[in-house]
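Welcome, and please open your viewer. We will go from stop to stop, and at each one you will get something to select and something to look for.

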Amino acid sequence: MNSIAILGIFVADTAYYAPRLPRMGETILGNGFALSPGGKGSNQAVAAARLGGDVTFISKIGVDPFGDMARTIWAEAGVKTAVTCMTESYTGAACIFLEQGSGDNAIIVSPGAAGTISPADIDAAGDVIRGASVFITQLEQPLPAAKRALQIAREAGAVTILNPAPAAELDDEFFTLSDYFTPNETEAEDLTGIKVGTVDEARQAAEALLDKGVGNVIVTLGEQGALLHTREISELCPAHTFAPVAETTGAGDAFNGAFAVALARGDTPLDAVKFGCAVASLSVTRPGTAQSMPTLKEVEQALA
């Protein structure tokens, strides 16, 4: 049993390229625009499927052109779906500002239909979660749904991964239900109150998360790589430089999808983090989010 179940949302990413963010009330001219498939959960599902994972994605979308986009990208990547289509709501969308030069981003997400995912919806998809060896969720859909899914996964013996993005106030059960907790620097800081600017500070924040009941912590640190911190080891796995950075938006999703695939196939946690760093490092050399996710062959060629 090496399948992966992922709960999350799909959004259509509308990306705007400009030298800087406008001030409130100001209009500036941009230098590019792109419309592409996104949403953290969907991106992670696409990343995992392109790497050879047996992936089922759980979500809700609307009956509209953005929903058509979602079904197309899932089919192309080989993602199986347990997705409800709603006529009374819309498929999610995101506004993404991309800073030219650095590739850094700022994002507003409107989940649409996925914002109505409830614990009852999770119970209806419970067999998908129970049949998986690895389960992932994030915090873009409502928190009660995420918690119920983690509960089902834990009861079934699946490895649970919580990517706490975007950061939110969480009760204790979220931490104790997480075998792996994968915040970035900002999310780790928001959840612990510990400033995370260096690897040592990331270790301090990770230790605080272990004290909250998390099984293992992975703090993703952008161009520095990712820190695996457990009760036994604390090791920084460096990022790779395969080519110049084009866009960093989907890097965390690439990492999480790859990490899940590696765990599902039996890799050690440390090897799984190293694999995730390689996949994320390759994804940032391409524009876009879901469409930037590499195949397993491309990752192997880049590493070779």
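Start by selecting Ala70, which counts as buried at 0% relative accessibility. Here buried means under 20% relative accessible area, exposed means over 50%, and partly exposed is in between, using a 1.4 Å probe and protein chains only. Before moving on, note that this is a predicted model, in which local features need pLDDT of at least 70 and side-chain atom pairs count only at pLDDT 80 or more, while totals for chains, interfaces and linings use all residues. Residues are numbered from 1 along each chain as its sequence is written, and side-chain values use heavy atoms, with hydrogens and water left out.

**Stop 1: helix α2**

Ala70 sits in helix α2. Helices (H or I, at least four residues) and strands (E, at least two) are DSSP runs, numbered from the N terminus. Add Gly38 to your selection: its C-alpha atom is 8.5 Å from that of Ala70, although the two residues are 32 residues apart along the chain.

Now select residues 65–77, the whole of α2. How far apart are the end C-alpha atoms of α2? They are 19 Å apart, which agrees with the 18 Å that 13 residues should span at 1.5 Å a residue. The expected span is 1.5 Å times one less than the number of residues.

Next, colour the buried residues of α2: Gly67, Met69, Ala70, Ile73, Trp74 and Ala77. Looking down the axis of α2, you will find these buried residues within an arc of 155 degrees, so they line one face of the helix. The arc is that of the directions from the helix axis to the C-beta atoms. There is a general rule to keep in mind: an α-helix has 3.6 residues a turn, so residues three or four places apart point the same way.

What do the buried residues of α2 pack against? Their partners are β2 (11–18), β3 (32–38), α1 (40–50), β4 (54–62), β5 (80–86) and β6 (91–99). Contact here means heavy atoms within 4.5 Å. Turn to the face of α2 away from its buried side, and you meet the exposed residues Pro65, Ala75 and Glu76. Just after α2 comes Gly78, with a positive phi near 90 degrees.

**Stop 2: a surface patch**

Select Tyr16, Phe33 and Leu35, which make a nonpolar surface patch of about 310 Å². Patches are made of residues with over 30% relative accessible area and no salt bridge; like charges are joined within 9 Å, and nonpolar side chains (Val, Leu, Ile, Met, Phe, Trp, Tyr) within 5 Å. The areas come from the Shrake-Rupley method with a 1.4 Å probe, and for residues only the protein chains shown count as cover. Leu35 belongs to strand β3 and is partly exposed, with a relative accessible area of 44%.

**Stop 3: salt bridges**

How many salt bridges does the structure hold? There are 15. A salt bridge is a side-chain nitrogen of Lys or Arg within 4 Å of a carboxyl oxygen of Asp or Glu.

Pick Lys60 and Asp121, whose side chains meet in a salt bridge of 3.0 Å, N to O. Lys60 lies in strand β4 and Asp121 in helix α3 (residues 119–124), so the pair ties together parts that are 61 residues apart in sequence. Is Lys60 buried or exposed? At 10% relative accessibility, Lys60 counts as buried, whereas Asp121 is partly exposed at 26%.

Then select Glu298 and Arg286, another salt-bridged pair, with the closest N and O atoms 3.2 Å apart. Glu298 is in helix α11 (residues 296–303) and Arg286 in the loop between α10 (269–283) and α11, 12 residues apart.

**Stop 4: a cis peptide bond**

Zoom to the peptide bond from Ala165 to Pro166, which is cis, with omega near -5 degrees. Pro166 is in the loop between β9 (159–162) and α6 (172–176).

**Stop 5: Asn256**

Finish at Asn256, in helix α9 (residues 251–264), which counts as buried at 1% relative accessibility. Which residues touch Asn256, leaving aside its neighbours within four places in sequence? Show Gln44, Ile136, Ile161, Asn163 and Thr182, and you have its contacts.
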